[in-house]
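Got the model open in your viewer? Let's walk through it together, one selection at a time.

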Amino acid sequence: MNELSWSAIKRLVHERARGCCEYCQTSEDNSGQTMQVDHIDPSGDDVLNNLCLACWNCNNHKHKATVVLDSDTGEGVPLFNPRTQIWHEHFEWTDGAARVRGLTPVGRATVARLKMNRPPIVVARMRWAAGGHHPPK
Ligand SMILES: [Zn+2]
């Protein structure tokens with residue numbers, strides 16, 4: 001078996017995501033912060049299909065969650081899975097790409113849980129967009 005080292009896995013995850021958080025789409029080049037490798041299912045394995053690139057804020061607020069309670073229905077809603085779901089089907093940019101809006105229960109739950117529209121990141125996105133560096137293509 002051709003087992004990859006953790007550093008090789010991290011490099012592949014980073015390249016696959018083109019240096020952008022796979023939840024909020026913040027790019028490493030804009031934020032200047034080193035992205036982290038998130039286990040989509042925290043109890044899952046260190047395999048590429050269970051890993052994604054995440055910024056510190058998304059990774060920290062997601063923590064070990066995979067499902068969150070919908071405040072409207074009280075039902076459990078799975079968080080967005082970057083490996084099995086398509087970002088633009090669950091999220092869209094609003095306010096000149098300053099804010100992320102959830103389009104589906106999954107999108108709304110993920111925006112809320114990961115606090116994707118914290119005031120400092122909204123201001124940063126406005127500045128990146130004004131400079132032509134946001135949203136990512
Ligand atoms: Zn993020």
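Start with the whole chain and switch on contacts: among those between residues at least 6 apart in sequence, 54% join residues at least 24 apart. Keep in mind as you click around that this is a predicted model.

Still zoomed out, colour by secondary structure. You should be able to pick out 6 helices and 6 strands, and going along the sequence they come in the pattern α-α-β-β-α-β-β-α-β-β-α-α. The C-alpha trace spans about 50 × 40 × 25 Å along its principal axes. The radius of gyration is 15 Å, which agrees with the value near 14 Å for a compact globule of 137 residues. Of those 137 residues, 26% count as buried.

**Into the core**

Now select Cys21, Tyr23, Cys24, Leu53, Ala54 and Cys58. These have the most contacts inside the largest nonpolar core, a set of 21 residues. Add β2 (51–54) and α5 (105–113) to your selection, since each supplies at least two residues of this core. Which element gives the largest share? That would be β2, with 4 residues.

Stay here and centre on tyrosine 23. Leaving aside residues up to four places away in sequence, Tyr23 touches Ala54, Cys58, Phe80, Thr110, Leu114 and Met116.

**Along α5**

Next, show side chains on α5. Which of its residues are buried? Look for Val106, Gly107, Ala109, Thr110, Val111 and Arg113. To see what they pack against, turn on α3 (56–62), β3 (67–69), β4 (76–78), α4 (87–90), β5 and β6. A tip for reading any helix on screen: with 3.6 residues a turn in an α-helix, residues three or four places apart point the same way.

**The β5–β6 hairpin**

Two of those packing partners deserve a stop of their own. Select residues 91–94 and 99–102, strands β5 and β6: they run antiparallel and are joined by 4 bridges. For one such pairing, click on phenylalanine 91 and find its bridge partner in β6, glycine 102. The hairpin has 4 residues between the strands, and aspartate 95 takes a positive phi near 50 degrees there.

**Backbone oddities**

That phi is a good cue for the last leg of the tour. Most residues other than glycine have a negative phi, and most peptide bonds are trans. Here are some exceptions to click on.

- Arginine 18: look in the loop between α1 (6–16) and α2 (28–31). Its phi is positive, near 50 degrees. Buried or exposed? Arginine 18 is partly exposed, because 13 other C-beta atoms lie within 10 Å and that falls between the cut-offs of 12 or fewer for exposed and 20 or more for buried.
- Histidine 63: go to the loop between α3 and β3. Histidine 63 also has a positive phi, near 50 degrees. With 10 C-beta neighbours inside 10 Å, histidine 63 counts as exposed.
- Lysine 115: step just past the end of α5, where this residue takes a positive phi of about 50 degrees.
- Histidine 134 and proline 135: a cis peptide bond joins the two, with omega about -5 degrees. You'll find proline 135 in the segment after α6 (119–130).

How values were computed:
Residues numbered from 1 in each chain as written. Predicted model: local features only at pLDDT ≥ 70, side-chain atom pairs only at ≥ 80, totals over all residues. Core = buried A, V, L, I, M, F, W, Y, C linked by C-beta atoms within 7 Å. Contact = placed C-beta atoms within 7 Å. Rg over C-alpha atoms; globule rule 2.2 N^0.38 Å. Pairing = 2+ DSSP bridges.
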